[in-house]
Amino acid sequence: MIHAQFATIQNDRFWYTNDGKPINSQGGGIFRFANATGEEKYYWYGVHYAEADSFRNNPTNTFNQCTFEAVTCYSSTDLVHWNFEANVLSKSEVLKDGRNTWVGRLGVAYLPETQQYAMLVQHGSEVLIAVSKQPTGPFTWHRKINMQSMIGTSNTGDQTVFTDENTGKSFLVYSYGKGRNKIYVSEIGVVNGQVGLLDCTKVFEGESREGNCMFQYNGRYYMAASNIYGWDASYAYYLMANDIRGPYTPVNNMQVMKGCEFDYAHVSQTGFFVSIHGSKQTSILYCGDRWANFAGNGLGYNQWVPLSFEDSVPIFHSLHAWDLNASTGVWKVNPLNNYALNPSFEADRKAIPSLVKPVQQQLTGWHSEVLQGNNISLDTSISPILNHANTTAERHMVTGERSLSMSDKTAFERKVYQTISSTYHVPLPNGRYTFSAMAKYSAGIEKLELFATSNQQTYRLPLHSHTETWHRVTLNNVLVKNGQADIGFYIKANALAYCHIDDVAFVQEK
């Protein structure tokens, strides 16, 4: 039995266990199992990489390698407070074949035929299956399987494990190993005493996708995935079906999940989902991977947000802070929530405008309006660059690799802003808000200010004497009415003058 009250999930930070130890869990999944005493708990499995600790302690540099330490397991009754159980798959176990190789995406399935728990994990160019009698391990080497005969490559591109709530059967959900332009589902089972894959059904072929994962809602199956952007953030895509083996619609045409497009799914990639069947409602949690130690794109490895549904269409809610009651299934926005989207300008992995995929002219979630100066265009020899690459020294002061840049080769005047609006599921409550940001700016600026507009009233914070040191600027007492506000920055300056902005916050005052 799961017991819980409302507890707060805060993104954009590193997470810790109940006793203050770092949670190291990347590329895994959460499953509900009964422990030895019959008590049901949530068990969270994922990989601990050595570089995750280095980045957490000093998030100013990224790394070019992934050093496997262990597969970890944490348990919880409310999905917020976690206890470390064990390193359930050790480094010595995965090195049994003598090869120091990539160990990555994984999931766990319970097999009633053998009363075992089976972990399927990417291991080099194949899939390793490890088994245990308990959900808390230890998991031991069972066998490796080569996917060549099933899909034409020995490895999976990305993978997760999904357990069908209707049948109790578990499936490996994975992409084609080369190019990742196909997605498959295979039932996990036992043949002649060996755990393996019983079948193979291709459910998608088209654009390359990774971060493949599934959930069920209201009788439908949802297949989700992200773009192929390396360690960086992406849209969250999905397809729907009435049967786990398809057909999934729209056929071979994954749709962008509504609400994720303004900040690339809260600067994350699709990781896995958790279904909460509460006493009052069923809620689906999107659990995004933010591989910050390899991409540099913000703080926190796990970014969890709730989904809503309009008929059968999933709606993504990019929240910084929200409350969950795992017993009732009810969630709500926490008063600490930062309503600004892409507030640290980390969603864009390239200098913008960009001719490199994804081709784009404006910063994600923000609009830059030229009042004087060079127009913003894909002609990057003329167009101003809208974001700044933070140096290692700057990342001691601000978050991530990118920040907003307002500058030009000629005298210029520009406004950069976003509109925040209430939705049915995430209202922007009436009340007073604080609008703040980190800023640094040069000489040669005639006028520079933060502004916020709501209900036809504009609030301004002029910034005067220049300072090329990052510092926080704050506009208090912004009155929001009618569930909408514009927040942004205005600058009028000489050629080559600049202002950089990072770590924007728009938070309701107490």
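These exercises, each with a worked solution, explore a predicted model of one protein chain.

**Exercise 1. Overall build**

Task: Work out whether the radius of gyration agrees with that of a compact globule. Then describe the extent, the burial and the secondary structure of the chain.

Solution:
- Step 1. Start with the length. The chain has 510 residues, so a compact globule would have a radius of gyration near 24 Å.
- Step 2. Compare with the model. The chain has 24 Å, which agrees.
- Step 3. Look at the extent. The C-alpha trace spans about 80 × 45 × 45 Å along its principal axes.
- Step 4. Check burial. Of the 510 residues, 57% count as buried.
- Step 5. Read off the secondary structure. The chain holds five helices and 34 strands.

**Exercise 2. A hairpin near the start of the numbering**

Task: Describe how β2 and β3 pair, and find the residue with a positive phi in the turn.

Solution:
- Step 1. Locate the strands. β2 covers residues 26–34, and β3 covers residues 40–49.
- Step 2. Determine the pairing. Seven bridges link β2 and β3 in the antiparallel sense.
- Step 3. Pick one pair. Ile-30 stands opposite Trp-44 in β3.
- Step 4. Go to the turn. Five residues lie between the two strands of this hairpin. Gly-38 in the turn has a positive phi of about 90 degrees.
- Step 5. Check the cover. Seven of the nine residues of β2 are buried, so "mostly covered" fits this strand.

**Exercise 3. A sheet of four strands**

Task: Trace the sheet that contains β19, β20, β21 and β22, and follow β20 to its partners.

Solution:
- Step 1. Write the order. The open sheet runs β19-β20-β21-β22, with antiparallel pairing.
- Step 2. Mark the edges. β19 (269–277) and β22 (313–316) each pair on one side only.
- Step 3. Add the twist. From one strand to the next, it averages 35 degrees.
- Step 4. Take β20 with β19. Eight bridges join them in the antiparallel sense. Ile-276 stands opposite Ser-283 in β20. A hairpin connects β19 to β20 through four residues.
- Step 5. Take β20 with β21. Residues 282–289 form β20, and residues 302–310 form β21. Six bridges join these antiparallel strands. Leu-285 has Pro-306 in β21 as its bridge partner. Asp-289 has Asn-302 in β21 as its bridge partner.
- Step 6. Check the cover of β20. Seven of its eight residues are buried.
- Step 7. Recall a rule about side chains. In a regular strand they alternate between the two faces of the sheet.

**Exercise 4. A sheet of five strands**

Task: Give the strand order of the sheet that holds β29 and β32, and explain what is special about its edges.

Solution:
- Step 1. Write the order. This open sheet runs β26-β27-β34-β29-β32, and the pairing is antiparallel.
- Step 2. Explain the edges. β26 (387–389) and β32 (467–480) each have a single partner strand, so one side of each is left without a neighbour in the sheet.
- Step 3. Add the twist. The average is 35 degrees from one strand to the next.
- Step 4. Count the bridges at one edge. β29, residues 431–441, is joined to β32 by nine bridges. The two strands run antiparallel.
- Step 5. Name one pair. Ser-436 stands opposite Thr-474 in β32.

**Exercise 5. Two cavities**

Task: Count the cavities of 30 Å³ or more, then compare their linings by class.

Solution:
- Step 1. Count. There are two cavities of 30 Å³ or more.
- Step 2. Take the largest cavity. Its space is about 40 Å³. Its lining is made of Arg-13, Phe-14, Trp-15, Ile-23, Gly-300, Tyr-301 and Asn-302.
- Step 3. Sort that lining. Four residues are nonpolar, two are polar and one is charged.
- Step 4. Take the second largest cavity. Its space is about 30 Å³. The residues around it are Asp-348, Arg-349, Lys-350, Ile-352, Ser-354, Val-356, Pro-358 and Gln-360.
- Step 5. Sort that lining too. It divides into three nonpolar, two polar and three charged residues.
- Step 6. Link back to Exercise 3. Asn-302 lines the largest cavity, and Asn-302 is also the bridge partner of Asp-289.

**Exercise 6. One residue in a loop**

Task: Is Met-147 buried or exposed, and how far is this residue from Leu-307?

Solution:
- Step 1. Place the residue. Met-147 sits in the loop between β9 (140–145) and α3 (148–151).
- Step 2. Apply the cut-off. Buried means under 20% relative accessible area. Met-147 has 1% relative accessibility, so Met-147 counts as buried.
- Step 3. Give the separation. Met-147 and Leu-307 are 160 residues apart in sequence. In space they are 33 Å apart, C-alpha to C-alpha.

Notes. Residues numbered from 1 in each chain as written. Predicted model: local features only at pLDDT ≥ 70, side-chain atom pairs only at ≥ 80, totals over all residues. Heavy atoms only, no water. 1 Å grid on protein atoms, 1.4 Å probe; cavity = no way out; pocket = protein on both sides within 12 Å on 5 of 7 lines; lining within 4 Å. Points joined across faces, edges and corners; volume = space filled by probe spheres on them. Nonpolar A, V, L, I, M, F, W, Y, C, P; charged D, E, K, R; others polar. Pairing = 2+ DSSP bridges. Axes fitted to C-alpha atoms, helices over the stretch in contact; angles between N-to-C directions. Rg over C-alpha atoms; globule rule 2.2 N^0.38 Å. Buried < 20%, exposed > 50% of the residue type's maximum accessible area, 1.4 Å probe, protein only.
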